[in-house]
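Q: Please take a close look at one part of this structure, where the nucleic acid is contacted, and go through the contacts in some detail. I would like the cut-offs stated along the way.

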Protein chains: 2
Amino acid sequence: MQSIMAEQLSDNTTTALNCRGSAFQTKCGNCRLNAICLPIAVQEPDLDALDTVVHRNKPLRKGDHVFRENDNFNSIYAIRSGFVKAYRLTDDGKEQVTGFYFPGEIIGMDGISQNKHSISAKALETAAICEIPFDDIESLSTRFPSMQRHLFSLMSQEIIQDQQLITLLSKNTAEERISALILSISDRNAARKLSTTSFRLPMSRTDIGNYLGLTVETVSRVFSRFQKNNILEVNNKEITILDLEAIRSIISPQQEA
Amino acid sequence: MQSIMAEQLSDNTTTALNCRGSAFQTKCGNCRLNAICLPIAVQEPDLDALDTVVHRNKPLRKGDHVFRENDNFNSIYAIRSGFVKAYRLTDDGKEQVTGFYFPGEIIGMDGISQNKHSISAKALETAAICEIPFDDIESLSTRFPSMQRHLFSLMSQEIIQDQQLITLLSKNTAEERISALILSISDRNAARKLSTTSFRLPMSRTDIGNYLGLTVETVSRVFSRFQKNNILEVNNKEITILDLEAIRSIISPQQEA
DNA sequence: CGATTCGTTGAATTGAGTCAACGAGAGTGG
DNA sequence: CCACTCTCGTTGACTCAATTCAACGAATCG
């Protein structure tokens, strides 16, 4: 039981420590996240080639940066465990959270166009990160077309995600925004074969509010309201979805055609 | 003189008709927009190769689609003249405008990851569009690394732009959003060597509101307020920036550190 | 274990939305 | 050329969802 717990947690929260054991030396071919992080398109030979260029750096602690805004762009990063928050500073010095990233997901592609990062990425808790130098990726990409396509694909996905967030921010109420975030996390947990209904939110209420364009107070109130209506069970950062359908219906209100 | 006029207009509004004349057959190397649309990185041989794959389709009329959401993804498109609005339908059937595109700019890369377009793109007025099959681009990209990098760069730029919009939507007031849009258009006009202070907004108030997450009424009120405060002169879609500094200062309020 | 940050709740305020009316232009047809 | 329609933009009055301000309890961390 205890060990199942550990396994459960292993790419959820306190993982990174375990990484010294197995994950830390794992090759991409063995990594159980590769279905997410790598393309199905990338085949055997590509994979071996990729392995030779991936740096498996030592784990970051909570608050450490993967990279910072304006850092030179050299690499992209795959999250092996832990959670990462991406953000940038607005002209007037406030923080704008632009995304949360989960194990198996890729960050850093924002830097390609200007050769420096346009956002900062910091670990929300202990995190293990694979670093992949972009030069290597580029040359691999010219050799393995499937690799190139995957990269294009990743970036294009990022664009689609951003546009969904744009819609969320410009059209939806506080309840809808928060429902969407919860559902997004639930879906991403599904991809990692974790519970879709019960999980720990790795980020603070402040970060949630910032990301969704709401104040902390509003976020808190919505959580409370959801709890009162038996849609969610909220226990600090632990949440359990009690009524998934309710959440879905909040996001897509009945079309009033 | 007449011909200069035509040339002048050629990437502004009513162009497309003239395109049969000169622009329509122009090669990328001659097109005066290539500094925007193509990378500085793309050198002579790449350029010639590119020319062989670009289709210069017949002009679109106002309201025609460049492509539609869920269309198969085959090509990306460079706008040679006219203006394009990108939008997608939300789950509950409403329209979300995701961007406005000007001559020299590239659209369609949203389709790469899913092999179908995630947004629709329609001409806001008569528009001439260069179509570039993505298969060709991919194979060119493996042959010309500078080309590949440029593509990555374009997509990465799109991500940065989207993230700026996200910030705008989640943190800024109606006045700030509209100021930002005006300034963005002004800047893009600068890149095309057009007036930065006096221009025609190619999109409707409704589209502006939709894009910025505001209602038509609010957009209209802000324009009126700006006019009253001698920041803008508004004449229907024609606007003249009277006080650029005021607009800038609206966007970046004094840091209250 | 105290300090500091984080989260929750309440009361008052407000910026933008909604509803409604109207005017200006663009296009159509007699 | 005028009358008619339809869409688009503007303005006003009212409403409301979310913010702001404030206070307090809970969690986390040296």
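A: In the side chain of E217(B), an N or O atom lies 3.1 Å from a base nitrogen of DNA strand C. This is a polar contact, defined as a pair of N or O atoms within 3.5 Å; within protein, one atom must be able to donate a hydrogen and the other to accept it, and residues adjacent in sequence count only if both atoms are side-chain atoms. The model is predicted, so local features need pLDDT of at least 70 and side-chain atom pairs count only at pLDDT 80 or more, while totals for chains, interfaces and linings use all residues. Residues are numbered from 1 along each chain as its sequence is written, chains are lettered from A and ligands numbered from 1 in the order in which they are written, and side-chain values use heavy atoms, with hydrogens and water left out.

Two phosphate contacts involve the same strand. The side chain of T215(B) places a polar atom 3.0 Å from a phosphate oxygen of DNA strand C. A polar backbone atom of G213(B) is 3.5 Å from a phosphate oxygen of DNA strand C. Two or more residues of the surface near this strand come from each of α8 (205-212) and α9 of chain A, and α9 of chain B. These helices are DSSP runs of H or I with at least four residues, strands are E runs of at least two, and both are numbered from the N terminus. The largest share near DNA strand C is that of α9(A), with four residues.

Around DNA strand C there are 16 residues, of which R221(A), S224(A), A174(B), T218(B) and R221(B) come nearest. Of the atoms of DNA strand C that come within 4 Å of the protein, 60% are in sugar and phosphate. A residue counts as near a strand if one of its heavy atoms lies within 4 Å of it. By class, this surface holds two nonpolar, eight polar and six charged residues. Here Ala, Val, Leu, Ile, Met, Phe, Trp, Tyr, Cys and Pro count as nonpolar, Asp, Glu, Lys and Arg as charged, and the others, Gly among them, as polar.

Now DNA strand D. It is surrounded by 17 residues, and the closest are A174(A), T218(A), R221(A), R221(B) and S224(B). For DNA strand D, 62% of the atoms within 4 Å of the protein belong to sugar or phosphate, and the rest to bases. A polar backbone atom of A174(A) sits 2.7 Å from a phosphate oxygen of this strand. R205(B) has a polar side-chain atom 3.0 Å from a phosphate oxygen of DNA strand D. On the base side, an N or O atom in the side chain of R221(B) is 2.9 Å from a base nitrogen of DNA strand D. At least two residues each are supplied by α9 (216-228) of chain A, α8 (205-212) of chain B and α9 (216-228) of chain B. Near DNA strand D, α9(B) gives the most, with four residues. This surface divides into two nonpolar, nine polar and six charged residues.

E175(A) belongs to helix α7 (residues 174-191) of chain A. Its relative accessibility is 23%, so it counts as partly exposed; buried means under 20% relative accessible area, exposed over 50%, and partly exposed in between (1.4 Å probe, protein chains only). Beyond neighbours within four places in sequence, E175(A) is in contact (heavy atoms within 4.5 Å) with V222(A), R225(A), F226(A) and I250(A).

Last, the charged pairs within the protein. A salt bridge is a side-chain nitrogen of Lys or Arg within 4 Å of a carboxyl oxygen of Asp or Glu, and by this rule there are 15 over all chains. One of them joins K85(A) and E95(A), whose closest N and O atoms are 2.7 Å apart. This pair links distant parts of the chain, from strand β4 (residues 84-89) to strand β5 (residues 95-101) of chain A, ten residues apart. K85(A) counts as buried because its relative accessibility is 6%, while E95(A), at 26%, is partly exposed. Another salt bridge, between the side chains of E138(A) and R149(B), has an N to O distance of 3.2 Å. That pair crosses between chains, from helix α5 (residues 134-143) of chain A to helix α6 (residues 145-171) of chain B. Shared partners also join K85(A), E95(A) and D207(A) into one network of salt bridges.
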